[in-house]
Amino acid sequence: MAESTSPIPFKRLEQIASDACNSVLENVEFYEHPKTAGWNETIIQKVLKALMSEATPAGASSPQYKFAINSTIVQHVVPTSQLNKPTSTGTTDAEAAAAAKKQAGRRGMHSATGGYWNEKTDGMWSYKWDGDAKGLDVVLMLIWIAV
């Protein structure tokens with residue numbers, strides 16, 4: 001995807017996405033499935049708010065683009081924030097950490113998106129927020145379509 005079709009430079013899109021993920025997940029210690037819907041919703045709303053603000057020309061009431069955002073939170077096999085926490089099994093901390101690290105890893109994921117549109121005005125962009133320390137990643141995908 002050519003950056004020239006984007007209503008906002010890719011570097012700025014990265015900053016917007018990173019800021020949204022960091023602010024929503026800053027106090028999260030590990031993946032908690034019941035909370036993921038709320039995290040996704042809040043990340044999407046923060047990104048949309050920033051996009052609407054930055055893509056609206058001065059004096060206009062709305063941007064010249066429609067936006068769609070998908071947010072996917074991917075759980076690692078074992079929350080990495082839990083790896084070095086003591087267990088109540090009577091094992092030493094070192095033994096517990098060694099056993100847990102053997103289980104650590106990532107789940108596989110592949111995602112693809114395509115579209116049929118005006119390649120001169122419309123486009124898409126994706127971003128991965130790396131949450132290794134929290135045992136999760138966030139994958140954002142943004143589509144813009146000129147109005």
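Which residue takes a positive phi in the hairpin of β2 and β3? That's Gly-135, with a phi near 75 degrees, in a hairpin with four residues between the strands. Keep in mind that this is a predicted model, where local features need pLDDT of at least 70, side-chain atom pairs count only at pLDDT 80 or more, and totals for chains, interfaces and linings use all residues. Residues are numbered from 1 along each chain as its sequence is written, and side-chain values use heavy atoms, leaving out hydrogens and water.

**Strand β3 and its partners**
- Strands here are DSSP runs of E with at least two residues, helices are runs of H or I with at least four, and both are numbered from the N terminus.
- β3 pairs with β1 (residues 65–75) in the antiparallel sense over eleven bridges; to count as a pair, two strands need at least two DSSP bridges.
- Gln-75 stands opposite Leu-136 in β3.
- β2 (residues 123–131) also pairs with β3 in the antiparallel sense, over nine bridges, and Lys-128 has Val-139 of β3 as its bridge partner.
- Eight of the eleven residues in β3 are buried (under 20% relative accessible area, 1.4 Å probe, protein chains only).

**The cavity**
- A cavity is a set of points on a 1 Å grid over the protein atoms alone where a 1.4 Å probe fits but can't get out.
- There is one cavity of 30 Å³ or more, and the largest holds about 60 Å³ of space, with volume meaning the space filled by probe spheres set on the points.
- Its lining residues (an atom within 4 Å of a point) include Leu-13, Trp-125 and Met-141.
- α1 (10–25), α2 (33–55) and β3 (136–146) each give two or more residues to this lining.
- The lining has ten nonpolar residues, no polar and no charged; nonpolar covers Ala, Val, Leu, Ile, Met, Phe, Trp, Tyr, Cys and Pro, charged covers Asp, Glu, Lys and Arg, and the others, Gly among them, are polar.

How values were computed. On a 1 Å grid over the protein atoms alone, a cavity is a set of points where a 1.4 Å probe fits but cannot get out, and a pocket is an open set with protein on both sides within 12 Å along at least five of seven lines; lining residues have an atom within 4 Å of a point. Buried means under 20% relative accessible area, exposed over 50%, partly exposed in between (1.4 Å probe, protein chains only).
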